[in-house]
Amino acid sequence: MGIKYKWLYPKNNEDFLMQLEEYNISKNIAKILDSRGIHDISEVKKFFSDDYEEGYDPFLMHDMKRAVDRINDAIENEEKILVYGDYDADGITSTVLLVETLISLGANVSSYIPNRFDEGYGPNKEAFTKIIESGITLIITVDNGIAGVEEVNLANELGCDVIITDHHKIQDVIPSAYAVIHPEHPDGNYPFGKLAGVGVAFKLAHALLEIFPDFLLDLVAIGTIADMVSLT
């Protein structure tokens, strides 16, 4: 059998790798740091020990205030809220993060993970119909929904508000949801567009809780690392 692939390995700064050996950093980790643009020991120390920042204001995202106000009204009025997620790591962590946040705020909240094989990815009309018929009056999508134009229209017709939180590519037509929270929304001002779905859910949690919820960062880390997004 002939060779199918020719691997192209990155060229590392050997002097930098040798320097890091003095700090008991393995060669493999040193190569990763070098490939990420960390080229001197001061940057290495900052990478490993620097305090995290609270990031950008979540209210820079389009519709964030509108979403927070609607959710707070639903909690106050004891409405049934449902978090509509996805079955992959990003979708599961997004769902858990937002459900935990809403429970801590006293919400009557449940969750729904569609079966990818039977129902496909994202909102579907049959699921939305069953959910709304069960008494749900507010659906919050996490890691999906930005392509659910017809499903959101159906929910609107059935008297249920939908808040979309998503990070996937925005289509030509944006659903007519009550609120659309997306880091790349054309009408938003959020500076970093490459969040995972769980990152978007985290920003909503930040806005709802009115504090930086660092206790949720374990979920954010899992969903981000497992998804196809920048690790910036």
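Is Glu21 buried, exposed or partly exposed? Glu21 is partly exposed, with 47% relative accessible area, and you will meet this residue again in the last view. All the close-ups below come from a predicted model.

**View 1. Five strands line up in an open, parallel sheet.** Reading across the sheet, the order is β2-β1-β3-β4-β5. The edges belong to β2 (108-112) and β5 (179-181), each of which pairs on one side only. Ignoring direction, neighbouring strands of this sheet are turned by 20° against each other on average.

**View 2. Strand β1 has β2 as a parallel partner.** Strand β1 covers residues 80-84, and five bridges join it to β2. If you would like a pair of residues to find your place by, look for Leu82, whose bridge partner in β2 is Ser110. Strand β1 also pairs with β3, again in the parallel sense and over five bridges. Here Lys80 is a handy marker, with Ile136 as its bridge partner in β3.

**View 3. Strand β3 is largely enclosed by the rest of the structure.** Why is β3 described in this way? Six of its seven residues are buried, so the rest of the structure largely encloses this strand. Strand β3 runs parallel to β4, and five bridges join the two. Among the residues to look for is Thr141, which has Ile164 as its bridge partner in β4. Together with helix α7 (residues 149-157), β3 and β4 make a β-α-β unit, and this unit is right-handed.

**View 4. Helix α4 lies across four strands.** This helix takes in residues 64-76, and the strands that it lies across are β1, β3 (136-142), β4 (161-165) and β5. Relative to β3, helix α4 runs at about 140°. Just ahead of the helix, take a look at the loop between α3 (41-49) and α4, where Asp63 is found. The phi angle of Asp63 is near 70°, a positive value in a residue other than glycine. As background for that angle, most residues other than glycine have a negative phi.

**View 5. Within helix α4, Lys65 forms a salt bridge with Asp69.** The closest N and O atoms of this pair are 2.8 Å apart. Four residues, about one turn of the helix, separate Lys65 and Asp69. How do the two compare with the accessibility cut-offs? Lys65 is exposed because its relative accessible area is 53%, and exposed means over 50%. Asp69 has 35% and is therefore partly exposed.

**View 6. Arg70 and Glu79 meet in a buried salt bridge.** The N to O distance between their side chains is 2.9 Å. Both Glu79 and Arg70 are buried. For a computational chemist, the general point will be familiar: side chains of opposite charge can pair when their charged atoms come close.

**View 7. A salt bridge joins Glu150 and Lys125.** Their side chains meet at 3.2 Å, N to O. Glu150 sits in helix α7 and Lys125 in helix α6 (residues 125-133), so to speak a link between distant parts of the chain, 25 residues apart. Lys125 counts as partly exposed because its relative accessibility is 40%. Elsewhere, salt bridges with shared partners join Arg70, Glu79 and Asp161 into one network. How many salt bridges are counted in the model? The count comes to six.

**View 8. Asp90 is a buried residue in helix α5.** Helix α5 spans residues 89-104. With a relative accessibility of 1%, Asp90 counts as buried. A polar atom of the Asp90 side chain lies 2.8 Å from the backbone nitrogen of Val198. Leaving aside neighbours within four places in sequence, Asp90 is in contact with Asp143, His167, Ala196, Gly197, Val198, Gly223 and Asp227.

**View 9. Glu210 is an exposed loop residue with a positive phi.** The loop in question lies between α8 (197-209) and α9 (217-226). Phi of Glu210 is near 65°. The relative accessibility of Glu210 is 70%, so this residue counts as exposed.

**View 10. Glu21 and Gly148 have C-alpha atoms separated by 52 Å.** Along the chain the two are 127 residues apart. Glu21 is found in helix α1, which covers residues 14-21.

Technical notes
Residues are numbered from 1 along each chain as its sequence is written. This is a predicted model: local features need pLDDT of at least 70, side-chain atom pairs count only at pLDDT 80 or more; totals for chains, interfaces and linings use all residues. Side-chain values use heavy atoms; hydrogens and water are left out. Two strands pair if DSSP finds at least two bridges between them. Axes are lines fitted to C-alpha atoms, for helices over the stretch in contact, and angles run from 0 to 180 degrees between N-to-C directions. Contact means heavy atoms within 4.5 Å. Buried means under 20% relative accessible area, exposed over 50%, partly exposed in between (1.4 Å probe, protein chains only). A crossover is right-handed if, with the strands pointing away from the viewer, the path from the first strand over the helix to the second runs clockwise. A salt bridge is a side-chain nitrogen of Lys or Arg within 4 Å of a carboxyl oxygen of Asp or Glu. A polar contact is a pair of N or O atoms within 3.5 Å; within protein, one must be able to donate a hydrogen and the other to accept it, and residues adjacent in sequence count only if both atoms are side-chain atoms.
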